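Got the viewer open? Let's take a walk through this one, stop by stop, picking out what to select as we go.

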Amino acid sequence: CQMPVANFDMDAYLQTVDMVHICGIALSLTDTTVESALTLAKKAHEQGKKVCFDFNFRPSLNTQLDKKQLMKERYEQILPYCDIVFGSKRDLIELLQLPQQEEIPLIQQFLKEYGIEYFAGTKRQTIDEKRMQKGYLITQNAQVESKAWSVEMLDRIGAGDAFAAGILLGYTNNWHLQETVDFSITNAVLKQTIYGDVPLTSIELVQQVMENPNLDIIR
């Protein structure tokens with residue numbers, strides 16, 4: 001969090017990758033993490049690399065009343081360089097202060113304004129006292145949603161990253177939007193049955209669960 005941008009050879013690093021993923025928490029920590037995130041996003045965009053960005057706005061890191069406008073400006077600075085964004089309607093309305101309207105038109109307007117390809121996220125709900133979760137994936141001209149999965153939760157930490165990993169896998173492999181979001185939410189639900197913040201899953205495991213959602217043992 002204290003290392004200056006000059007300590008990173010970002011140009012050389014970017015030559016070795018096709019995509020970078022930036023967490024929005026970096027915009028809430030220190031001046032150096034803000035500079036690093038913005039510099040990386042800009043350089044990656046200029047080199048034709050895909051930039052993925054997770055809003056991940058944390059109110060607990062931004063408790064000062066006068067910081068809201070500053071955070072809005074930081075997010076507005078990074079978004080023009082992004083191709084894939086993870087977030088929610090709340091991020092767009094409460095953080096970016098976009099006009100209130102129906103969810104899909106709001107998100108698609110946001111995508112067109114910044115030239116972003118994908119906007120993805122998850123929704124949690126409780127049905128008959130059961131925890132449920134589903135995912136959504138929206139482009140400028142289309143939107144898909146997964147079925148709602150029942151969640152058996154051991155450890156929720158890392159579920160968002162597991163969902164994001166699925167979206168990026170589908171994107172890089174040119175999967176259909178529906179296949180991408182179905183895979184992603186399955187990976188996220190599986191992660192919550194695993195202790196720790198790393199989704200110790202495989203593509204084969206996720207696909208097996210997708211094909212056999214009621215299977216309770218794999219031999």
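Which residues in α2 meet which residues in α3? Select D31, V34, A37, L38 and A41 on the α2 side, then R74, Q77 and I78 on the α3 side. Before going further, keep in mind that you are looking at a predicted model.

**Stop 1: α2 and its surroundings**

With that contact on screen, look at how the two helices lie. The axes of α2 (residues 31–46) and α3 come within 9 Å and cross at roughly 25°. Anything under 35 degrees counts as roughly parallel, so α2 and α3 are roughly parallel to each other.

Now colour α2 by itself. The helix has 16 residues and reaches 23 Å from its first C-alpha to its last, close to the 22 Å expected at 1.5 Å a residue. Its buried residues are T32, T33, V34, S36, A37, L38, T39, L40, A41 and A44. And what covers them? Show α1, β1 (19–23), β2 and α3, which are included in the cover over the buried residues of α2. Just after the helix, click on G48: its phi is positive, about 80°.

**Stop 2: a link from α1 to α2**

Stay with α2 and select K43, together with D11. Their side chains meet in a salt bridge, 3.3 Å from N to O. D11 sits in helix α1 (residues 10–14) and K43 in helix α2, so the pair links distant parts of the chain, 32 residues apart. Are these two buried or exposed? Neither, quite: D11 is partly exposed with a relative accessible area of 37%, and K43 is also partly exposed, at 25%.

This is a salt bridge from a set of 6 found across the whole structure. Two others come up below.

**Stop 3: K50, E117 and D83**

Next, select K50 and E117. They form a salt bridge whose closest N and O atoms are 2.9 Å apart. Here too the pair links distant parts of the chain: K50 is in strand β2 (residues 50–54), E117 is in the loop between α5 and β4, and 67 residues separate them. K50 is partly exposed at 29% relative accessible area, and E117 is partly exposed at 30%.

Now add D83, in the loop between α3 (68–78) and β3 (84–86). What is the nearest side chain of opposite charge to D83? It is K50, 4.1 Å away. A salt bridge needs nitrogen and oxygen within 4 Å, and D83, though buried, has none. Show its contacts beyond four places in sequence: D83 touches K49, K50, V51, I116, E117 and Y118. Both partners of the K50–E117 salt bridge are in that list.

**Stop 4: α5**

Move to helix α5 (residues 103–114). At 1.5 Å a residue its 12 residues should span 16 Å, and the end C-alpha atoms are 17 Å apart, which agrees. Select the buried residues: E103, L106, I107, Q108, F110, L111 and Y114. They pack against α3, α4 (89–95), β4 (118–127), β5 (130–138) and β6 (143–145). Just past the helix, G115 takes a positive phi of about 70°.

**Stop 5: β4, β5 and β6**

From the strands that α5 packs against, pick E145 and K134. Their side chains meet in a salt bridge, 3.2 Å from N to O. E145 is in strand β6 and K134 in strand β5, 11 residues apart. E145 is partly exposed at 37% relative accessible area, whereas K134 is buried at 18%.

On β4, click R124. At 34% relative accessibility, R124 counts as partly exposed. Leaving aside residues up to four places away in sequence, R124 touches M132, Q133, M153, R156, A159 and Q192. Then draw a distance from R124 to K112: they are 12 residues apart in sequence and 27 Å apart in space, C-alpha to C-alpha.

**Stop 6: α7 and α8**

Finish with another helix pair. The axes of α7 (residues 177–191) and α8 (residues 203–211) come within 9 Å and cross at roughly 100°. That makes α7 roughly perpendicular to α8. To see the contact, select D182, F183, T186, N187 and L190 of α7, with I203, L205, V206, Q207, V209 and M210 of α8.

Terms used: Residues numbered from 1 in each chain as written. Heavy atoms only, no water. Helix = DSSP H or I, 4+ residues; strand = E, 2+ residues; numbered from the N terminus. Buried < 20%, exposed > 50% of the residue type's maximum accessible area, 1.4 Å probe, protein only. Lys, Arg positive; Asp, Glu negative; His and termini not counted. Contact = heavy atoms within 4.5 Å. Expected span 1.5 Å × (residues − 1). Axes fitted to C-alpha atoms, helices over the stretch in contact; angles between N-to-C directions. Parallel < 35°, antiparallel > 145°, perpendicular 65-115°, else oblique.
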